[in-house]
Amino acid sequence: MNSTILPSICGEANVEHTPVYQPYLAGNVSRYVNDCLDSGWISSRGEFVPRFEVAFAEFIGANEATSVANGTVAIHLVLDALGIGPGDEVIVPTLTYIATVNTILQIGATPVFVDSVGSTLQMDPVAVELAVTSRTRAIMAVHLYGHPCDLTSIVATCRKHDLLLIEDCAEAFGSKWEGRHVGTFGDAATFSFFGNKTITTGEGGMVVTRDPEIMKRCRRLKNQGVSSNREYWHDILAYNYRMTNIQAAIGLAQLEMAADILTMKAKVANAYRVGLTRLPLRMHDPVGKVTHSHWMCSVIVDRPQDRDPLRAYLAQQGIETRPFFTQAHTMPHCRVEGDFPVSASLSARGINLPSYPGLSQEQISRICATICSFWR
Ligand SMILES: *Cc1c(COP(=O)(O)O)cnc(C)c1O
């Protein structure tokens with residue numbers, strides 16, 4: 001269902017409700033899930049797990065992929081497999097979802113925050129270079145809201161200082177830098193399949209890496225560190241981060257529709273671009289030789305004082321939105337001193353509009369008309 005009619009509490013005209021996101025659960029999703037139920041393979045063993053992993057790796061152009069329970073543990077697993085820990089610094093944008101930073105703290109390493117570039121919203125490669133110290137082990141590149149980071153500059157910084165590159169691609173399924181899918185540039189990369197991500201498994205995640213040794217370590221760590229040739233023999237501290245066959249069944253069906261989902265999302269983004277001209281705001285447009293997958297269709301209002309009133313006005317009309325993330329370095333548990341003015345300004349001015357693939361042209365027109373009427 002793309003939208004629902006909510007009865008108005010005070011008996012006025014009904015307001016059509018448009019959520020920020022809805023998963024696209026068409027195609028073989030139900031059939032594959034029912035296959036799991038019918039066969040009894042509902043846990044983390046079953047045919048869909050390897051099928052989803054192989055198909056995912058092929059889609060993004062990676063050698064291998066291993067599935068996990070969600071996008072957060074994917075990052076934690078990769079940090080562990082790469083041997084990052086206490087005493088190590090990991091450079092990360094302060095404008096990101098909290099999971100990127102929490103996993104760095106959970107592994108015992110120190111997040112070193114950097115500011116963002118205003119036009120792309122991505123981590124500032126100049127700030128990254130300046131943040132490198134003798135303790136820096138890795139750069140965590142987050143491809144925020146579907147636009148890739150400047151991977152050419154970031155890869156160059158990694159080479160120059162012998163640093164690991166981890167890509168948090170949770171928001172960037174379908175995003176490309178110079179024609180190559182994100183997640184294939186770093187030492188390891190992670191994806192999320194939460195219900196509002198571009199392809200979903202309900203909860204779920206994926207790890208890719210080009211290094212077969214790192215992949216082997218990820219597979220072992222996510223599966224209780226069990227020995228491959230001795231039953232119940234566990235000789236490393238490990239986790240249960242496995243994905244279920246049911247999740248993988250949904251994922252495989254999603255992957256079969258991925259090209260369609262990405263096309264629909266591109267159409268949604270373009271419809272907003274056409275409908276939202278000559279207003280005191282800008283869209284999150286692609287910059288450079290990139291494919292922007294438009295996980296979220298974002299607008300950045302010129303004046304920060306317009307942001308919350310515009311969101312409230314849209315909410316009154318049944319249009320759900322989200323503000324941009326709050327800078328991670330301002331959260332109580334990861335607070336550090338520092339001045340990151342570009343991301344501070346973006347964080348205060350950004351709004352994510354309804355961005356799901358099933359949005360109709362009529363719904364987008366209504367959202368654009370409502371935004372225009374806010375300033376009239
Ligand atoms: C969604 C997201 C995650 C975490 O993924 P979950 O599957 O929700 O655990 C990590 N990083 C970013 C940037 C995200 O958007």
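Here is a short chat about the helix α8, the domains and the hollow spaces of this protein.

Me: What kind of model is this?
Reply: The model is predicted, with local features needing pLDDT of at least 70 and side-chain atom pairs counting only at pLDDT 80 or more, while totals for chains, interfaces and linings use all residues. Residues are numbered from 1 along each chain as its sequence is written, and side-chain values use heavy atoms, leaving out hydrogens and water.

Me: Why is α8 called a helix, and how does its reach compare with the expected span?
Reply: A helix is a DSSP run of H or I with at least four residues, and a strand is a run of E with at least two, both numbered from the N terminus. Helix α8 (residues 245-256) has twelve residues, so the minimum of four is met. The expected span is 1.5 Å times one less than the number of residues. From first C-alpha to last, α8 reaches 16 Å, close to the 16 Å expected.

Me: What makes α8 "mostly covered"?
Reply: Buried means under 20% relative accessible area, exposed means over 50%, and partly exposed lies in between (1.4 Å probe, protein chains only). Ten of the twelve residues of α8 are buried, so the helix counts as mostly covered. Among them are Asn 245, Ile 250 and Leu 255. The cover includes α1 (29-39), α2 (48-60) and α9 (258-275), where contact means heavy atoms within 4.5 Å.

Me: Which domains is the protein divided into?
Reply: An automatic or database domain assignment sets the bounds, giving domain 1 (29-256) and domain 2 (258-374). Their contact takes 40 residues from domain 1 and 36 residues from domain 2.

Me: Why is one space called a cavity and another a pocket?
Reply: On a 1 Å grid over the protein atoms alone, a cavity is a set of points where a 1.4 Å probe fits but cannot get out, whereas a pocket is an open set with protein on both sides within 12 Å along at least five of seven lines; lining residues have an atom within 4 Å of a point. Grid points are joined across faces, edges and corners, and a volume is the space filled by probe spheres set on the points. The largest cavity holds about 40 Å³, and its lining includes His 284 and Cys 297. The largest pocket has a volume of about 610 Å³. Of its 34 lining residues, the closest to its centre are Tyr 97, Asn 196, Lys 197, Trp 295 and Phe 325.

Me: How do you know that both domains help line the largest pocket?
Reply: Domain 1 and domain 2 each supply at least three residues of that lining.
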